[in-house]
Every structure is written in C-alpha cells, then in structure tokens.
Number of protein chains: 4
Amino acid sequence: MKQKLRMGMVGGGMGAFIGAVHRMAAAIDGEIELVCGAFSSDPEKSRASGAALGLPADRCYGTFEEMIRREKRLRPDRRMQFVSIVTPNHVHFAPAKMALENGFAVICDKPLAFNLKEALALEKIVEKTGQLFALTHNYTGYPMVKQARQMIRHGELGALRKVVVEYPQGWLSTPLESSGQKQASWRTDPARSGIAGAMGDIGTHAENLAEYITGQHITELCADISTFVPGRALDDDGNVLLHFSGGAKGILHASQISAGEENNLNIRVYGEKGGLEWRQMEPNTLLVKWLDRPTQVYRTGVGNLYPEAQAHTRIPAGHPEGYLEAFANIYRNFALCLRARLEGREPDPVYTDFPSVHDGVRGMRFIEKVIASGKSNKKWVGV
Amino acid sequence: MKQKLRMGMVGGGMGAFIGAVHRMAAAIDGEIELVCGAFSSDPEKSRASGAALGLPADRCYGTFEEMIRREKRLRPDRRMQFVSIVTPNHVHFAPAKMALENGFAVICDKPLAFNLKEALALEKIVEKTGQLFALTHNYTGYPMVKQARQMIRHGELGALRKVVVEYPQGWLSTPLESSGQKQASWRTDPARSGIAGAMGDIGTHAENLAEYITGQHITELCADISTFVPGRALDDDGNVLLHFSGGAKGILHASQISAGEENNLNIRVYGEKGGLEWRQMEPNTLLVKWLDRPTQVYRTGVGNLYPEAQAHTRIPAGHPEGYLEAFANIYRNFALCLRARLEGREPDPVYTDFPSVHDGVRGMRFIEKVIASGKSNKKWVGV
Amino acid sequence: MKQKLRMGMVGGGMGAFIGAVHRMAAAIDGEIELVCGAFSSDPEKSRASGAALGLPADRCYGTFEEMIRREKRLRPDRRMQFVSIVTPNHVHFAPAKMALENGFAVICDKPLAFNLKEALALEKIVEKTGQLFALTHNYTGYPMVKQARQMIRHGELGALRKVVVEYPQGWLSTPLESSGQKQASWRTDPARSGIAGAMGDIGTHAENLAEYITGQHITELCADISTFVPGRALDDDGNVLLHFSGGAKGILHASQISAGEENNLNIRVYGEKGGLEWRQMEPNTLLVKWLDRPTQVYRTGVGNLYPEAQAHTRIPAGHPEGYLEAFANIYRNFALCLRARLEGREPDPVYTDFPSVHDGVRGMRFIEKVIASGKSNKKWVGV
Amino acid sequence: MKQKLRMGMVGGGMGAFIGAVHRMAAAIDGEIELVCGAFSSDPEKSRASGAALGLPADRCYGTFEEMIRREKRLRPDRRMQFVSIVTPNHVHFAPAKMALENGFAVICDKPLAFNLKEALALEKIVEKTGQLFALTHNYTGYPMVKQARQMIRHGELGALRKVVVEYPQGWLSTPLESSGQKQASWRTDPARSGIAGAMGDIGTHAENLAEYITGQHITELCADISTFVPGRALDDDGNVLLHFSGGAKGILHASQISAGEENNLNIRVYGEKGGLEWRQMEPNTLLVKWLDRPTQVYRTGVGNLYPEAQAHTRIPAGHPEGYLEAFANIYRNFALCLRARLEGREPDPVYTDFPSVHDGVRGMRFIEKVIASGKSNKKWVGV
C-alpha cells in the first residue's frame, strides 16, 4: 500500500491566492497529503486556517521555526517529509534554509528569494545539504511547453534565431495597492518583493520560460523599465532586448499595466527551419510553423508527442487541462523524485523535470540585471 | 477541525479512464477522501488498484455488494459516506440502488442507467430513500456554462429562438473496438452500453448541456442516426432536429467519426436580443453577441459574472481552468450539500447546482426517443 | 493591345448593395469595362446612376429590353458583349432570356430565378443558344474553397461521411422590412423573392457550397422551416437534415435571426481519413484535420496548393483577400472564357471554373424541396 | 457624366508584384483609369506590359522622363492627371520630382526615397509645387485601423502607456536572393533599397502604423539590428525599444527571418482605461479590452463605428474586405481629393485621409536612426 508524501506548508493562510493554488496542485494526483502548516505569523490565524483545511490543532504552528523544530521531533512515519513555501519573497530564504538544514526537502514559490545574494546562499545550502529542492516556475509544467522544448532540443526548428516572450497583465493598471488588496500590496512593496515589481513577479516567469524552451541562457540584455502608475514604488512595465547563449536574439516584455490583459504569457521562437508559438491562456495548443508549408496545430494528447510532453497530460485530447494541472506537474514530479529518493532508487527520467534552485538563481540574476539596465545609459548589460 | 467526506468507489480500477478523472476531481478541493473501493469485479485487481491508490487491503473489495455491506458495519466516523459509481452503463443501476437503500449518498457517471426503465426505477429509489444523488454531466460544471444559463434565465437574450449544440469527436473513425481498446470496446457493445453508442455517450451530454443552458426541455425530435464504421453494432453519428418547450428550435449533432475532432462539444443559443456561444475546448470564454453592437468576450474571472458562475472558478482570470476543475465543481457541490445535510443545515444556494436523477431520466428518455426516431419514417417523435 | 470586355448591367442603381459589388468585382482584374446599363426601371434614375458611374447618357437605358435592343444595333466593336443581371429574383428570368436569345452572354446573380419552372426554362435557353452563362454563387470563388474541393476530389479525406454547412446571419432578427430598408423589403416579399426567404437567399449558398466542395449532390432532405419574426411572410430560419449522393450525411442550417451573427457561412466535411473546415469570415484559412495527427492550417498562398486554388489568389500569403476578390474570381473566369470563345480558342482549364445554369437549377430545386419538406409530415423528401 | 481620373504608372511591368497591386487598388472603385506608363526601363518590355494591360503603344514609354514630357504635351482632357510610382526605392525620387515639377500629382510606393536626404528634398518639392502627394503606407487604409486611431483620438483608452507593434515575416529565412527571385534581389541590395533591408521595407510600415494609430511620434529609440542569413548585405531582423512623444513606451520588431510567418503585422496599444489589438491578417476585427469588463470585438460594418472608419468599408459586415480594399482606400481618397482640387472645391473631410510626404520623411528618418542605433553602443538615439 502506497503512502502519500507528507507536506508542511509555510504561508498560504485564509485569503491567500497562491497558497490555495499550491494545495490544489499538490492534491490532484493523490501523491501528497498536507499534514501541517505555519499558515500565518499570527498563531491564531494559522490555527484557524489549518482547521479549515482539516488539520488538527497540534499540527498548526505559529511560525515556520516552530513547525520545523516540532515536526522534526515527531516519529519519522508521521512527521512532514517536505516543506512548501508560499510566502512573499522576503520570507523565502529563512524557512527554506532552516528546512533544508533540518533534513526536509523544499518546494518554494518563485522568485527564489528576496535578492541575488540570498539566492546564491540558498543554492549553496541546497548543494551542501543534498536535499531535493523545487521552484514553482509552474508554466514549464504545461505539456505543450515541454513539447516545444523537446522539438527545439531535437533540432526540429534548426538553429534558433529569434525569441519573443511576452507577459502582459492589466491588473495593476490602477493603484490597486492603495485599496489594501493583499496581492497588490506586497507585490508593489520593495520591503517584501525586493527591487523589482512586474519584472520580479512575471518578468522572471517569462525569462524562465524562454530559457526552458530554447535551452539557451540570456547572456546580455538592454532594458527599458517603467513605473506608469503614480506613486507606485516598483516597476509595473518593462521592455527588454535579449541576446542568448546560442546566438538567438530576442525581446522580453512584461507588464502589469497592459489594460484589459488577463495573464497573457506567450512565447514565439523562430529557427532556421521553422517556428513555434505557445500561449498560456490556451495552453493545450502549440502552433508549429514551417517555411512554405501549412502550420501545424499540435495539441495536448494528439499524435506522437515527445514522451516528456505526453507524460504530463492526464486526460484524452480535447479535455482541456489548465493552470492547476501544469502546477500539479511540478508537485507530482517533485513527489515522484522524493519518493524514489526515500526508497533509494532512481526516479523515472520522464518525471524528473521541475525547476531547480539554479533556475531560481538565474531568475534572481535576471532581476538584478534588468533593473540595473533600466537605470543605465549603457546599451548592453551582461547577465 | 473539518473532516473530509469519505468516498467509496465502484469501478475505476487501473487502466480505466473515467475512474481516474473522478478521483482527481474529488481530490482538488480538499473536501473528499477516498477510503475504499470495489475497483474491479476481480478481487485481486481491485486490491491491487486500491493499494496503488494508497488504500489498505481491508478497504478494497471484490464486489460493490461486499463493499456496501461491510462498510455499513464500520463505525459511523470511519465508514464511507457516499459511493461514486464509475462503471460502464450496465453496472450503474445495481450499485446505485443498493447504496441508496443502505443509506449512502451516490454520485454516478452518465448516462444514468442501461435503459429508461432502470432510470425510472432509480428515480423512484432516490425519491423514496431521500438520499443525495448526483449525476456527473460534468460539462455543466464549467463557470461559463453557468454564466450562459444565468444570462438566459435573467432574460438578457430575450425569448430564445434557435439552439445549435454539437458534439463531434473522431476517435471512433476506425474500428478501434477490434483492437481491444477498453473504452472503445464497451462503448460500442450493446450489452454494456445499451441501445445507443455515440448518442448515449456524448449525445446525452449535448442534450443535457442544451437543456441546462436554455432552461427549456426538448419536446420533439427528428433524428438521422448512422453507423459508418462497418461491423460496428451501435450508432457512431447522429443528426437531430429539435423543438424546445419554450418555442426554440434547434439542431443537435453528435459524432464519433468526425475525423480529426477531439472533444469539440459546443453550443450556440440565439434569442430575440442576442446570442451566445461556448466551446468546451476553450471553456473559459463565452462569446456574447448582440444586434449591431460589438460581440463581448466574457471570460472566467473577468468582470461582474453572475454569482453562480463566479462561485465555480478558483483562480484569477487568465489562469485557465479546465475539464478537471469543471468536473470537480460537481464533486465539490455534491460534497458541500452532503456535508450540510449531515450537519443538519441548509447548503449555500450558490453551491447546490449539480445534475440530478431527473436530469438522468431525461437523458435516458432522449436516448430511447432519438434511437426510435432514427428508425422511424415519421418526422417528429415526442419526447 | 488587349481590349477590355464590354459589360452591360441590369439593375444595380444607386443605393443597391449587390450591383456595386458586381461592379467592383468586375473592375479588379482589368478584364472588364462597364459600358452601359439599365440600372433602374425609372429611366431618370437609370441615367443618374449611369452618369455617376461615368457612363454617357446614351448608354443608360430605362429598361433592359431597350438596352438589349439598342446595344444590339451598335457596331460590334462598341456594343456590350455580355449582360450582368443584379436585380431581385423576380427580374432574373426575363432579361436573361432576352439577352441570351439576342446573342449576349449572361452573368446573373443568385438564386437563378423566381421559381424552378423559370430555372428549367432558362437552362433550356442556355443550352439552345449556346451562350456563356455564369451564376454568381460567389463563395465558390474563394481559393481555399477550391483547395477543399480538390483535396476531396483527389481522395485526401477518403470516402466522405459527414457534412455540416451553416449560414447564420442576424440582420433580420427584427422586422427590418417594415422600416423600408431596401434589401429587407424585397428579401421578405414573396412577390419578389419567391417561395423562400432565408432558404432562398442564403440556404442556396450553403447548398451550393456543400455540393461544390464535396462533389456530391443532395438526394434527400428533411427540413424544419420557421418564421420567427411576427408578420414576416417568408421563412427566416431553417434546419435541414441531408443525404448526399455519395453516401455522406449532413446538416444544413441557414438563418437570418441568429442575433449577432454577421455573415457566418461555414462548412465542415469529414471523411474516413480526415476532415476539413472553412469559414467565410476568415476565408484565407482552411483547417485540415487528421486522425491522431496535428491539424494543418492551409493558407492562401502558402505551400503547394492545387493549381485550381493557387490560380485564384492574386497577392502573396498573409495579404488577406476577401469577398470582393472571390467575387472577382467568378467575373475573371467568366471573362477569360468569353474572351477565349470570342477569339475562337480553348480557355486555360484552370480558369474555367464558375457556377453554371445547372448549379442554378439545382439551387431552385433545393428551394422547392426544402420548403415542401418544411410543410410535410413525411420525414424524407427526395431532391 | 463623371470622368475617371487618368493615371500614368512608373514601374510595375510584367512580373512585378507591387505594380499589379497598385493597379487593382486603383481599379476597384471605378474612380481611376490607367492611361499610360513607363513600366520598364526597357522600351520593348514597357510596351509589352502596356499592351497586356490594354494600353495603346503610343502611351507606353521607355522612360519616365519620356512619359512625363510627352504626356505634358497632350491635350489636357487626354493626358494623365497623376503619376503612380511603383519602382524600387532608388527610383522614387527622380520620377516624383519630375512629375511634381511638371504639374502632375504623385502617388508613390513606400518608403518615400532612397535616403533621408532625398526624402527631405522631395518634401520641399511637394511644398513648393503644391501638388497633391500620397504615399502608399497602405495598412492605414484598413477601416479598423482608422477606428483604432479615432478611439484613441477621442480618449476612449485614456492616456497611452504602452505600444507593441510587430511585423514578422519568414520569406527571407533562406538566401532567396541568390535564386534570382526579383523581390528578394532588390530588397536585399543596398544599391536599390538603401541602408536598410527589413527595417526599410516593413519596419517603416510598423513605425507608420504605430504613429498613425497612437497619434504620437517616436522620439527616441534603441535598436538591435541583425542579419541572420549568411552573405546577406542588409538587415533581416530588428528589435527596437521606443519612446513616444506623448509619454508612451513601446516595442517595435520587424523580421523577415521569422520562419513560418506570412505577413503578420499587428499592433497592441494600452492606455490608462483600456487597450486595443489589431492584426493585419484578420483585418476586419479590432479587439478592444477594458479593465475588468469583457473584451469587445469591434468588426468592420458592425455598430456605431466612427465615420472615418465606416466611410472606408464597402460591403456589409461579415463580407471580409482585405489588403486590396485597404490599398484601394488610399487610391480612392487620393482620387477624391484630386478631383475636388481639379474642380476647385473642398473634398469631403472623411475622405482626405492618406499618408503624406511628411509621413514619408518620418519613415526615412526612422530608417536612418534605427540603423544608426543598431551600430551604436549608446542606449538611446533621438529621432
């Protein structure tokens, strides 16, 4: 009889958006069970959140330190096996560090940390402790994103020339943060988000997606970073020229003031032989374009997808899988890898794909460089 | 501390498609826990399936009869609280009847039963036992389907005139059943599916969707029913003219030989003042069309949706929710209603919406009439 | 030095919609010159319309009889060479007959005539006089429609099974005819349109398109014909089941009360091996669907289209060609065939494709049968 | 009786792409007649081209100088009234200058000239001679582009913040110029195109479209200009950051190596209150996006468009108008203005909209700056 893996959560109390997403994503595949949490820095709130989630009072902690300390003392077959960190950016490093150093695997929301320094430190801790670590750059969890990556990896497009990655949103078109809206408040607060607003929140998703799909790293960038909403402390829009390690050139733009846009992450990649296009809002479709031949509409579950794509879809073609399922792919792969490790065996390679601490470090470096470039008169900034 | 509701499952052993869907749908919202099952008529297979799902051997039964009998003897705080039936059509009635008569609520896959007679009998049992019963016509679980229904109910389109509902698939374009594929085998087998193939499997989904959205019932129909693949015992295509109780006229067509179609359920409804269009494969979009004014693109999570729609979305606009989430809406509402009932209180009305045994009876009557019409030279057949 | 072909026009005075369309279509390719017209039954109006079009007063006639008589007396190198008839349905037969019998080729708007009897008579006149005759079922002029026809003709989809052809419009959702709107007035008037409203105006376009693309004829039909707008004398909506000569089954629906629809003619055809989908409102795209392979997006001007398709596009891929260009393809092919005939040579076969008087007869038969079926209790009516 | 305006053409002999486009565009509306041309620098070829177009031999000239000189000597009611210049860039200035200085109006293909110096000189000549001059930046001829411009002008989107304009093509993904293909040869040849390849050919279209729709000018830019195809002499790709005069920021990218793209010019503009999106390949649709309200699908011919948009559509909604019709809008407006001027009256203001020599100068300045920026290490270059 298979046991579910036991998860403890840091953050994600009642009213939080991303905490609920992590819990749904962790639940879908029946691999993971939430057993405890420090859902809020207020012990009362943490307990209330936990009770609403069906947790007993003695597994609802007031702080992550308490959680890690006390869980560690529980019987091995009872205590949590990994920690999910879903707090704002300034509370990623400390719980991740403590969890890792106390023998717990960690799955952490993005961006990795409050700043690059923290990120580099965390990378070292992951390496030193040897614990499993995943970062929820969830958009790489979509099957068609994996298909795109494999098509490029196998040379179907030829050498890459051009990448256009976009992440327009409109939800911060007005000074929403002054209304007290929770998400808007911390996302626009340098004390909790770090030096970047839109570029940190969604710019890193775009950067991660482009690097994941192309298999190339950004080597140089030139950024025009703006804050359009008066009084806002952090950027709400950025346009960036990119150079990639493999010779491709590109554009990245991310925005939270693109009025009327929902969550329109999308990418186009062009190589010598063909191009491809993927849009997060219709994630089960991948357009593959060819020189003077009809465009092909690749679809989740249709035809001979690469195993890496096929393994990340659950239901037959035409039954749309969405954001939660892509998010769940990160959790499931993390769980399958953790289970294999606990059982002393190698995981199935097709299920080992999830963003790492190194991806997280690259994201933090991107943030630092893109903000620096925005303030610079120099054209190109190395990454 | 909230307890999860305890679910037992009939059918859905390893390799089954719809059983896994039910389990994922039940898991997403953290309201339901699978505690036992009779996953296969072979006790060995049932136990193996249960073990793979993390169930102890003593909760994996060889038959639904054994499951219901033995669960009933367990302590009330331990035994299953409802039964999920995910078997082929010919094994819906017996477990549903036994579960209801032994005090368990039931959630059952569609169509309701093997034939209309069974369906009517089941309707009486539900009424007599007073147990909660839900049918998983899952497509009504989509938020934008609920929005469509509410817009029509509130008169936004005026009196309805025309309904076009389509359900084209292509997966049975070849004699797949002769390859031994599990789904294809029983779907095309009159002994397990009943008198209808495509019309029973997906025609009823189309019928249910049209009646749900319009709030009208089909009163007359005229059908052209075909079997295109040689040697196939049941229909694989049907074209149907419809008359509705409120005066609308319509077309329903369902097909499993529409080569190259995935699962393209869609509906258009036109009234005096405007029209609407919804497509299951891009389910977060509802097009609303007006007389000489720009079409509006209603989207999950954007703007002032009706509460009935808004309550069935979990994540912000632009984060696509799909098939599993819509399916989960049926499970969650069923669970919330069951919980309210167990706690002796009224459920929140916004969460009481799921297909009933009466919807199931209408579906079975549709199957009988549509097949009869297909064989008749008379133009119109009353429903 | 090439001379333009000289065209006379019947109907299409100032304010008329379709007359202007014919003139633009005739002008685009530089093959045709408008030299005279009987633009209105009121000689004053006819002259005013002609003057606005740059015609001298002596070539603007008060009646088509006068035009045909007097043009015939002009020098051969000056007089018109063919007549374009763009009047309402009840004024198709007489000018066509007189023109043909006086040695003029004819291009005529659809449907062919006021009723089937006239159509059959006209067919005989065309055959007897041997004059060139074209009917402007313009939608077959689109390159991608021709591509679809050729793909089916060459067996790319295998034996056809299912056809769905739709023509929803919304412009007659209200009693527009009572406002005096010119188009609405005659389209809903049995004295000018004949026995059918929507089915005659656009139902025949759908019928023609389906027969053109599939290469099969409708052999039986079963129709549900409605008039939704109170007080309207002719049908404004029809839903029809179809049987085709080659064994395909189908659905045709046409409507002018589908509120919010513009001019949404579209067709889907499914065969044993694949399917295709074309939509008039995005006419440069043809979706080609396959069994468990990615759908292909055929586009005007991209890749190896059949010569019959390629020859009917004028500009490179991605420069959209529209309704007028498709219409112009009818005029150009008619002109090229007429020129070849006048020069005593065979036309290039790739440019000989335009709807014939026989297509027109089939359309009129469709109208009679579909209206008869709408009134019948018998299920199937032979065509 | 209205006379057509008489046009002479420079360039556009047999086999040329853009010459045929200009002729079709000029023909559609029945306002213009081609009466003469210097279609090729080879007198034989010029005559053959003219004969194929139905022109008498004495109106087919071997050089534009000859055409202008000899036409000038013809009777005023016979000679050409304006010159259409459809040659490669290096042969724009000389015929335009000579035509203008000899009393002829001019309509000229884009970009305006071979370089900025020529463009500025031509601007002066236009001003000095007072002749009418139009530049065929044809994409501004689309009705929905005009609607977009008017919506912004009337403040419907509020102050603009962000502009994304794209022009990806794939046709030069391979060294097509080495195959002798006519278009590819001169477009990639500095001696005929000037200093820019893709940026001159299509980058200027994007620049013109962005400035037209926003009503703002580009004030600063930062460009990354590339040549991907080995051996090519001019750029085939460019990514550009933009600052606009009204405070908006933006991105422009144009490419001829975006494999699989046809002619995908598109633009998105975001303001404080809403955004809009237009795509040339589906030109009859304009998406208008709002803060937390459903997106609206504006369509050619539907609803209350601004008069400036409505006046540039010819046929009812749902009958797609395309590239030629947009091109024809430039010709028609030019013709209506020229006719008004010849008749000594003011033209109808709604038909006076076409690109001017000043737009052309801005385009040439854009080319010079964008190429300079591509070679510079400085971040921003003023325009």
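## Symmetry of chains A and C

Copies are superposed by least squares on the C-alpha atoms of residues with pLDDT of at least 70 in both. In this predicted model, a turn of 180 degrees with a shift of 0.0 Å along the axis lays chain A on chain C, and the RMSD is 0.0 Å. The two copies are therefore related as by a two-fold rotation axis. Contact residues of chain A recur in chain C at 100%, and the same surface serves both copies.

Within chain A, the residue that comes closest to the rotation axis is Gln296(A), with its C-alpha at 2.3 Å.

## Domains of chain A

The domain assignment divides chain A into domain 1 (5-131) and domain 2 (142-315 + 361-382). Their C-alpha centres are 27 Å apart.

Contact between these domains of chain A involves 15 residues of domain 1 and 15 residues of domain 2. On the domain 1 side, helix α5 (residues 116-129) of chain A supplies the largest share, four residues. That side of domain 1 of chain A comprises nine nonpolar, four polar and two charged residues.

## Interface between chains A and B

Chain B places 38 residues in contact with 38 residues of chain A. On the chain B side, the elements giving two or more residues are α1 (17-27), α2 (43-52) and α11 (323-342) of chain B. Of the chain B side, the largest share comes from α1(B), with five residues.

By class, the side of chain B that touches chain A consists of 21 nonpolar, eight polar and nine charged residues.

Notes: Residues are numbered from 1 along each chain as its sequence is written. Chains are lettered from A and ligands numbered from 1 in the order in which they are written. This is a predicted model: local features need pLDDT of at least 70, side-chain atom pairs count only at pLDDT 80 or more; totals for chains, interfaces and linings use all residues. Two residues are in contact if their C-beta atoms, placed from the backbone, lie within 7 Å. Domain bounds come from an automatic or database domain assignment. Ala, Val, Leu, Ile, Met, Phe, Trp, Tyr, Cys and Pro count as nonpolar, Asp, Glu, Lys and Arg as charged, and the others, Gly among them, as polar.
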